Number of protein chains: 2
Amino acid sequence: MPGFKGQATYSVDPKGRIAIPSRMRACMSLEAQNTFVTTRGFEQCVFAYPLDEWLKIEDQIASLNPYDRKHRAFKRQFMMWAEEVALDSKGRIALQRPLIEYAGIEKKTLVLGSQRHIEIWHPERFDEYLNAEESDYETLAAEVMGI
Amino acid sequence: MPGFKGQATYSVDPKGRIAIPSRMRACMSLEAQNTFVTTRGFEQCVFAYPLDEWLKIEDQIASLNPYDRKHRAFKRQFMMWAEEVALDSKGRIALQRPLIEYAGIEKKTLVLGSQRHIEIWHPERFDEYLNAEESDYETLAAEVMGI
DNA sequence: AAAAATTTCCCACAATTTCCCACAATTTCC
DNA sequence: GGAAATTGTGGGAAATTGTGGGAAATTTTT
């Protein structure tokens, strides 16, 4: 089953709605019920998981030990940013304010597919992120995928 | 099963469509469903994988650790450039704008077979690449294939 | 309970993409 | 070497997709 791919630069309309590219929407399974769970991403962006994928992650979080201080801290921060959002009839989602502020999103967004989830970035933030990474694409590939 | 071979210089039409040489199309298996996944190549070109080959690669990507920063960075960059594109009735694919810009493609392209994938280059970029390589063909052969 | 603000649902427009057809160049076959 | 088939190039029409906004419904505040 192919994952989310591709990139798109879309606008955020006055009501805070962001279109999800139709190519990406087409990758959702029926069990996702046209619903995403948005949450604080790693690096300065928003992650959006289709509902069915999110449930798998929640299962993992459920297995954390509530008597371990670090486990507790991670679960707390992981869950506090998450929101369920349904696609409207035009395939858009409305991001909650805390996430918009965290990611620094304004008029334009960069929407990225990253296999099991979608990422929503402020375009300039993404450029900054890429520039700050020490390894370029080819080097990264060699490091991660092995020689 | 023989891989993609050969080279061709084809034009890019006003809509960004590029013909895939019929010799190469003939190498695709039925499981590829006349579909390629195009993505950012290593070096300044576009890679096109038949769908079935691409899925094998995605399986490898899926095994990366989402909590490891470098793994995440690679998956993000690998997937964001990828697009599924079907061959039209005339055996062409339409490249997405980001890939065209990345590879610097204009009116003409050089299409290369490279065993499991096809490469699409701006012809001059390919010449520059060859000239910039430190080892010539014979030396490279000795280095890579062993003495 | 009424007013204000927010959210949800629906509709309209513009841009893009997809689909289909026509023609020209090349290759294949006899 | 010439005719037929295949292959590459281009463009118009139709369908889809992204963008924005109005009105109804809901929630929050006063």
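## Salt bridges, cores and DNA contacts

Reader: To start, what is the relative accessible area of A:Arg92?

Author: A:Arg92 has a relative accessible area of 23%, so this residue counts as partly exposed. Please note that the model is predicted.

Reader: And which side chain meets A:Arg92 in a salt bridge?

Author: The partner is A:Asp88, and the N to O distance in this salt bridge is 3.0 Å. A:Asp88 is partly exposed as well, at 28% relative accessibility.

Reader: What about chain B, which residue forms a salt bridge with B:Arg92?

Author: B:Arg92 is paired with B:Asp88, and their closest N and O atoms are 2.9 Å apart. B:Arg92 is partly exposed at 23% relative accessibility, and B:Asp88 is partly exposed at 27%.

Reader: How many salt bridges does a search of the whole structure find?

Author: The search gives 18 salt bridges over all chains.

Reader: Then what does B:Arg76 meet in a salt bridge?

Author: The side chain of B:Arg76 meets that of A:Glu43, with 3.0 Å from N to O. B:Arg76 belongs to helix α3 (residues 69-80) of chain B, whereas A:Glu43 sits in the loop between β3 (35-40) and β4 (46-50) of chain A, so this pair joins two chains.

Reader: Are B:Arg76 and A:Glu43 buried or exposed?

Author: Both B:Arg76 and A:Glu43 are buried.

Reader: Which residues are linked with them in a network of salt bridges?

Author: The network links A:Glu43, A:Glu119 and A:Glu133 with B:Arg69, B:Arg72 and B:Arg76.

Reader: Let me change topic to the DNA. Which residues are around strand C?

Author: From chain A, these are A:Lys15, A:Arg17, A:Arg23, A:Lys90 and A:Arg92. From chain B, they are B:Lys15, B:Arg17, B:Arg23, B:Lys90 and B:Arg97. By class, the surface near DNA strand C has 10 charged residues, with no nonpolar and no polar ones.

Reader: What does A:Arg23 lie 3.0 Å from?

Author: A polar side-chain atom of A:Arg23 is 3.0 Å from a phosphate oxygen of DNA strand C. B:Arg97 also has a polar side-chain atom by a phosphate oxygen of this strand, at 3.2 Å. B:Lys15, in turn, has a side-chain N or O atom 3.4 Å from a base oxygen of DNA strand C.

Reader: How many residues surround DNA strand D?

Author: There are 26, and the closest are A:Tyr10, A:Lys15, B:Tyr10, B:Lys15 and B:Arg17. The surface near DNA strand D has 10 nonpolar, 4 polar and 12 charged residues.

Reader: Which part of DNA strand D is 2.7 Å from the side chain of B:Arg17?

Author: A base oxygen of DNA strand D is 2.7 Å from a side-chain N or O atom of B:Arg17. B:Arg92, which was mentioned earlier, has a polar side-chain atom 2.8 Å from a base nitrogen of DNA strand D. For B:Ser11, the partner is a phosphate oxygen of DNA strand D, at 3.1 Å.

Reader: One last topic: which residues touch the most other members in the largest nonpolar core?

Author: They are B:Phe36, B:Phe74 and B:Ile118, in a core of 61 residues. The largest share of this core, 5 residues, comes from α3(B). Another core lies apart from it, with 22 residues, including A:Phe36 and A:Trp81.

Reader: And what does B:Ile118 touch?

Author: Leaving out residues up to four places away in sequence, B:Ile118 touches several residues, among them B:Phe4, B:Met24, B:Phe36 and B:Leu112.

Definitions and conventions: Residues numbered from 1 in each chain as written. Chains lettered and ligands numbered in written order. Predicted model: local features only at pLDDT ≥ 70, side-chain atom pairs only at ≥ 80, totals over all residues. Heavy atoms only, no water. Near = heavy atom within 4 Å. Polar contact = N/O pair within 3.5 Å; in protein donor to acceptor, adjacent residues only side chain to side chain. Nonpolar A, V, L, I, M, F, W, Y, C, P; charged D, E, K, R; others polar. Salt bridge = Lys/Arg side-chain N within 4 Å of Asp/Glu carboxyl O. Helix = DSSP H or I, 4+ residues; strand = E, 2+ residues; numbered from the N terminus. Buried < 20%, exposed > 50% of the residue type's maximum accessible area, 1.4 Å probe, protein only. Core = buried A, V, L, I, M, F, W, Y, C linked by side-chain atoms within 4.5 Å. Contact = heavy atoms within 4.5 Å.
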